[in-house]
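Biologist: Could you take a close look at one part of this model for me, the packing between its pieces? I would love a connected walk through who touches whom.

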Amino acid sequence: MNVAIQSGSIQTVDADAIVVNLFEGVTEPGGATGAVDKALNGAIRDLIANGDIRGKLNETAILYPRGAIPASRVIVVGLGSEEEFDLDSVRQAAAAAARKARDAGARTLASIVHGGGRGGLALTDAAQSVVEGTILGLYRYDAPGVIPREGFDRDVDSLTLVEFDTSRLPEVEAGANVGQAVAEGICLARDLANGPANEVTPTMLAETAQRIAADYGMTCQVLDREQMAELKMGALLSVAQGANEPPKFIVLEHNPTQSDAPPFVLVGKGITFDSGGISIKPSKRMEEMRGDMSGAAAVLGTMQTIGAIGLSKRVVAIVPATENMPSGTATHPGDIVTAMNGVTIEVINTDAEGRLILADALAYAQQYNPAVVVDVATLTGAVVVALGHYMTGVYATDDSLWETIHAAGHAAGEPMWRMPLYPAYDRQLKTSFADVKNVGGRPAGSVTATRFLAKFVGDHPWAHMDIAGTNWWENLITHPKKPYYVRGNTGVGVGTLVGALRAWDAVDVKE
Ligand code: BES
Ligand code: MN
Ligand code: ZN
């Protein structure tokens with residue numbers, strides 16, 4: 001989508017639809033909404049007086065000015081109550097308005113920056129959220145080669161953010177640029193995770209990483225099965241050995257100043273299809289396991305975004321990518337394998353494969369002497385039992401890293417909940433046959449999975465994000481009601497990681 005900024009009054013802008021807003025309970029709108037209302041001779045006050053719109057979050061009403069102003073349509077979107085108002089209200093309202101405009105047939109959209117005035121948000125952040133909400137709300141998965149579905153002919157081509165105060169245009173522009181980069185990173189993640197496993201293979205993930213490297217001057221290294229064997233990545237290879245599809249170990253590095261400073265390392269689980277292996281899953285909803293590379297998708301989306309924004313510090317993304325398949329060459333339950341750090345693992349359940357591929361990726365990360373490592377993974381069904389689909393479970397060894405992730409998640413509309421990384425749970429991973437076994441039983445399944453990962457993590461701040469409950473969205477009461485989600489992958493993680501990386505990037509390291 002083409003995103004532009006413009007100074008002036010929204011009621012003078014020529015577009016297929018202009019968007020203004022309304023807080024709940026307001027009967028005499030001021031600001032831009034008031035100005036449009038005056039130009040329309042009180043039409044918005046009429047909508048309010050007649051109860052057509054009350055300002056509830058994401059509520060919309062549409063007006064046809066019939067020549068009173070240059071725009072063909074006016075969309076009024078509710079922002080909810082002022083007490084509950086935050087950046088995610090802006091993101092949601094922008095999405096709701098954009099969908100209303102699209103469904104009405106508008107192709108060009110102009111909007112004020114919700115929350116920049118009366119809402120009291122920083123204008124830059126508010127502009128970022130408007131752009132994110134608009135692009136994400138209009139997202140649709142376009143399967144390559146598939147006959148266009150009904151409604152797909154309707155699309156919005158451009159969004160113009162209109163700011164009255166010319167001196168504040170630079171803030172709007174800065175926010176809009178970041179918002180577009182974040183939203184496009186999220187759309188990349190969604191496309192990768194929605195895509196079928198016969199298209200989104202480890203090879204395709206590697207090609208995506210190479211494309212990002214070429215676009216933004218990063219370096220990309222892709223290891224094949226033989227190179228993984230040379231590095232003794234026995235845990236990752238034990239998952240890959242059942243698959244015919246070639247596994248890839250992808251390392252994508254952003255380092256604009258060629259610095260050797262300790263990098264921020266991202267690790268993403270890249271299981272392009274999780275059948276469970278010999279410990280095969282039930283067939284019901286197994287198709288959703290094409291999204292078991294959502295962690296990898298989030299990490300690649302994040303890298304694309306930081307490339308587009310031009311982050312100054314060094315970031316390394318590591319994506320272990322393979323299918324998990326049953327076959328004559330697949331790992332048997334009971335097999336003992338050795339990860340690259342020498343830890344031996346008894347594979348009790350081949351469906352607990354995510355922790356096996358992450359084991360070697362986390363061990364590999366240590367060679368960078370990382371400042372921070374954050375991994376993102378659809379790791380456990382148990383985190384869905386614990387938190388459902390509203391919040392991502394986060395484990396952190398470091399309080400300030402947790403605070404950073406929590407704050408970034410809140411701003412991004414990706415709520416994070418801290419889980420206990422408590423060493424006593426290690427007992428559940430004990431076995432007499434190896435250093436550790438790969439499952440810890442039903443109790444605290446999400447905790448024991450993380451305790452397993454901890455065996456491969458070096459002495460640096462580390463956080464693990466289990467997105468198994470938040471990566472996939474559908475319109476159910478168990479899922480958040482957000483107009484910037486459509487059925488399928490959410491792209492969760494990108495917004496949070498980009499926020500956390502920007503916060504880390506802004507800190508000057510002066511020793
Ligand atoms: N990819 C799954 C976890 C998952 C479940 C993601 C549901 C998204 C939705 C993971 O590899 C897995 O199979 N985990 C097992 C672990 C068990 C065997 C200890 C699980 O959660 O059942
Ligand atoms: Mn599994
Ligand atoms: Zn899995």
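Modeller: Happy to! This is a predicted model, and a good place to begin is the pair made by helix 12 (residues 399-412) and helix 14 (residues 494-506), whose axes lie 8 Å apart and pack at an angle of about 125°. That angle makes helix 12 oblique to helix 14, because about 125° falls outside the range of 65 to 115 for roughly perpendicular and is not over 145, as roughly antiparallel would require. The handedness of this crossing is right-handed. As for who touches whom, helix 12 brings T404, I405, A408, G409 and A412, and these meet G495, T496, G499, A500 and A503 of helix 14. Sorted by class, the contact of helix 12 with helix 14 holds five nonpolar and five polar residues, with no charged ones.

Now for a second helix pair. Helix 3 (residues 87-104) and helix 4 (residues 123-137) cross at roughly 40°, and their axes come within 7 Å. Helix 3 is therefore oblique to helix 4, and the crossing of these two helices is right-handed. On the helix 3 side you will find L87, V90, R91, A94, A95, A98, R99 and R102, while helix 4 answers with D125, A126, S129, V130, E132, G133, T134 and G137. The contact of helix 3 with helix 4 does include charged residues: five of them, along with seven nonpolar and four polar.

Stepping back from helices, you may also want to see how the domains pack. The chain is divided into domain 1, covering 2-166, and domain 2, covering 185-506. Their C-alpha centres lie 36 Å apart, and the contact draws on 17 residues from domain 1 and 19 residues from domain 2. Between them, domain 1 and domain 2 bury about 1,400 Å², and 59% of that area is on carbon and sulfur atoms. If you would like a few side chains to display on the domain 1 side, pick L136, Y139 and Y141: this trio supplies 44% of the area that domain 1 buries against domain 2, more than any other three residues. I quoted buried area here since the size of an interface is often given as the accessible area lost when the parts come together.

How values were computed:
Residues numbered from 1 in each chain as written. Chains lettered and ligands numbered in written order. Predicted model: local features only at pLDDT ≥ 70, side-chain atom pairs only at ≥ 80, totals over all residues. Heavy atoms only, no water. Axes fitted to C-alpha atoms, helices over the stretch in contact; angles between N-to-C directions. Helix = DSSP H or I, 4+ residues; strand = E, 2+ residues; numbered from the N terminus. Parallel < 35°, antiparallel > 145°, perpendicular 65-115°, else oblique. Left-handed = near helix turned anticlockwise from the far one by under 90°. Contact = heavy atoms within 4.5 Å. Nonpolar A, V, L, I, M, F, W, Y, C, P; charged D, E, K, R; others polar. Domains from an automatic or database assignment. Buried area = accessible area lost by both parts, 1.4 Å probe.
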